[in-house]
Amino acid sequence: MEIRFEGAAVTYGAREALSPLTLTLTENRIGVIGLNGSGKTTFARLINGLTKPTAGRVIVNGRDTADFHSALPDVGFIFQQPQNQIILPIVRDDIAFGLKGRGLSKAEIEAKVEAALGRFGAAHLAARRAHELSGGELQIAALSAVLVTGPDILILDEPTNQLDLKNRALVQKIIEDLPENAIVISHDLELVADFGRVLLFHGGRLAADAPAAEAIARYREIIA
Ligand SMILES: Nc1ncnc2c1ncn2[C@@H]1O[C@H](COP(=O)(O)OP(=O)(O)OP(=O)(O)O)[C@@H](O)[C@H]1O
């Protein structure tokens with residue numbers, strides 16, 4: 001993975017959501033922390049191309065996000081409210097939906113869906129109705145639907161938000177074990193506490209880019 005921000009900035013009218021940012025990300029785990037409205041989601045949306053920079057460039061694995069009309073296929077995004085990204089009512093159909101148009105046979109699609117849920121020991125969720133799932137199950141269904149498409153980079157926006165302690169621990173373990181590159185945005189600082197690189201945003205600016213302990217300490221100083 002190589003993500004390069006080259007003076008990339010986002011402004012909405014007169015509001016600067018992200019000040020010009022230049023950095024390169026190559027680490028397998030990146031944490032993103034900061035207050036509400038500090039620019040974390042804007043930063044993440046720049047990486048998958050859902051938001052285009054109003055200045056500068058963002059280059060992901062050698063490709064300029066501005067060259068894509070929509071999101072980049074190699075960047076999966078799990079949104080803050082995973083229920084909003086479930087498209088079809090039954091879990092297995094929803095996961096299969098992402099594989100449409102790839103010229104796969106029905107049997108190949110079924111095998112991929114099974115494997116996607118199987119990664120999380122969640123094959124039993126295949127026939128369930130998505131709107132009946134618990135928060136943790138919903139995260140697994142959303143993760144499966146994104147990972148089945150084979151992204152190189154996964155962005156998780158507050159993945160433990162609204163989860164109880166048990167499901168939180170489950171999601172933390174799942175993130176630890178992911179072979180994919182993961183960028184984790186979180187107010188749950190424990191979730192990124194082991195990460196070698198954590199970015200702290202404050203008022204749309206990068207306020208720290210450091211190992212977790214240092215970035216978290218800086219965050220505590222800022223709000224003190
Ligand atoms: N589409 C938009 N139009 C106008 N302003 C926006 C838009 N999206 C974000 N902003 C503004 O940009 C700033 C950064 O927002 P962003 O969503 O990146 O913050 P965040 O750090 O992810 O916040 P939170 O922790 O609350 O999710 C905020 O002031 C927000 O109001």
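Which strand and which helix each supply at least two residues of the shell around the ligand? They are strand E2 (15-25) and helix H1 (40-48). Keep in mind that this is a predicted model, with an ipTM of 0.95 and a pTM of 0.94. Here's the rundown, starting with confidence and working inwards to the ligand.

**Confidence and overall build**
- Mean pLDDT for the protein comes out at 95, and 100% of its residues reach 70 or more.
- The protein has six helices and 10 strands.
- Its radius of gyration is 18 Å, close to the 17 Å that the globule rule gives for 224 residues, so the protein is as compact as a globular protein of that length.
- If you're thinking about box dimensions, the C-alpha atoms fill roughly 50 × 40 × 30 Å along the principal axes.

**What the record says**
- UniProt, in an unreviewed entry, puts the feature "domain: ABC transporter" at residues 3-224.
- Over residues 3-224, the chain is 30% helix and 27% strand.
- The end C-alpha atoms of that stretch sit 32 Å apart.

**Two domains and where they touch**
- The domain assignment splits the protein into domain 1, built from two segments (1-74 + 153-224), and domain 2 (88-150).
- Taken over C-alpha atoms, the centres of domain 1 and domain 2 are 26 Å apart.
- Eight residues from domain 1 and seven residues from domain 2 make up the contact.
- On the domain 1 side, helix H5 (residues 165-177) chips in the largest share, with four residues.
- That side of domain 1 breaks down into six nonpolar residues, two polar and no charged.

**Around the ligand**
- The surrounding residues are Tyr12, Arg15, Ala17, Gly34, Asn36, Gly37, Ser38, Gly39, Lys40, Thr41 and Thr42.
- Helix H1 gives the most to this shell, with three residues.
- Strand E2 (15-25) is also in on it, supplying at least two residues.
- By class, the shell around the ligand has two nonpolar, seven polar and two charged residues.
- So what does the side of domain 1 that touches domain 2 have in the way of charged residues? There are no charged residues on that side, whereas the ligand shell has two.

How values were computed
Residues are numbered from 1 along each chain as its sequence is written. This is a predicted model: local features need pLDDT of at least 70, side-chain atom pairs count only at pLDDT 80 or more; totals for chains, interfaces and linings use all residues. A residue is near a molecule or strand if its C-beta atom, placed from the backbone, lies within 6 Å of it. Ala, Val, Leu, Ile, Met, Phe, Trp, Tyr, Cys and Pro count as nonpolar, Asp, Glu, Lys and Arg as charged, and the others, Gly among them, as polar. Domain bounds come from an automatic or database domain assignment. Two residues are in contact if their C-beta atoms, placed from the backbone, lie within 7 Å. UniProt positions are given in the numbering used here, feature names are shortened, and annotations may be inferred rather than shown by experiment. pLDDT is the predictor's confidence in each residue, from 0 to 100. The radius of gyration is taken over C-alpha atoms; the globule rule is 2.2 Å times the number of residues to the power 0.38.
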